[in-house]
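Trainee: Could we go through this one together? I would like to see how the labels follow from the values.
Mentor: Happy to, so let's have it in front of us.

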Amino acid sequence: MATKPNDKEYYLDKPENVQRLLKVFYVICALLFAADFIVHRHTKIALEEFPAIYAVFGFVAFVMLVIGSIALRKLVMRKENYYDVDD
């Protein structure tokens with residue numbers, strides 16, 4: 001929010017505009033998901049013939065990325081005072 005008189009207020013500074021933009025993105029996602037059942041695709045492998053396979057693949061890949069990052073964090077995490085000089 002604008003706190004000073006000469007601060008410029010941008011479009012995404014208002015929460016209602018952010019909510020409006022999110023609703024537009026959700027509608028676009030739903031339309032693309034529905035189009036996947038209607039549009040015929042020329043596929044090279046049988047797995048690509050299933051509707052919404054790319055959405056499922058993307059979701060699974062994202063979940064695996066998050067799980068992998070949690071495991072990697074446990075592996076490479078240092079103590080909070082790692083860079084402190086011991087006197």
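Mentor: Helices here are DSSP runs of H or I with at least four residues, numbered from the N terminus. Keep in mind that this is a predicted model. Ala-52 sits in the loop between H1 and helix H2, which covers 53-76.

Trainee: Why is Ala-52 called buried?
Mentor: Buried means under 20% relative accessible area. Ala-52 has 5% relative accessibility, so Ala-52 counts as buried. Its phi is near 65°, a positive value in a residue other than glycine.

Trainee: Is Asn-17 buried or exposed, and how do you know?
Mentor: Asn-17 belongs to helix H1, residues 15-38. Its relative accessibility is 8%, and the cut-off for buried is under 20%, so Asn-17 is buried.

Trainee: What makes the pair of Asn-17 and Tyr-11 a polar contact?
Mentor: A polar atom of the Asn-17 side chain lies 2.8 Å from the backbone oxygen of Tyr-11. The limit for a pair of N or O atoms is 3.5 Å, so the distance fits.

Trainee: Why is the pair of Arg-41 and Asp-36 called a salt bridge?
Mentor: The closest N and O atoms of Arg-41 and Asp-36 are 3.0 Å apart. The definition asks for a side-chain nitrogen of Lys or Arg within 4 Å of a carboxyl oxygen of Asp or Glu, so the pair qualifies. The structure holds one salt bridge.

Trainee: Why do the two partners, Arg-41 and Asp-36, get their exposure labels?
Mentor: Asp-36 has a relative accessible area of 18%, under the 20% cut-off, so Asp-36 is buried. Arg-41 has 25%, which falls between 20% and 50%, so Arg-41 is partly exposed.

Note on methods: Residues are numbered from 1 along each chain as its sequence is written. This is a predicted model: local features need pLDDT of at least 70, side-chain atom pairs count only at pLDDT 80 or more; totals for chains, interfaces and linings use all residues. Side-chain values use heavy atoms; hydrogens and water are left out. Helices (H or I, at least four residues) and strands (E, at least two) are DSSP runs, numbered from the N terminus. Buried means under 20% relative accessible area, exposed over 50%, partly exposed in between (1.4 Å probe, protein chains only). A polar contact is a pair of N or O atoms within 3.5 Å; within protein, one must be able to donate a hydrogen and the other to accept it, and residues adjacent in sequence count only if both atoms are side-chain atoms.
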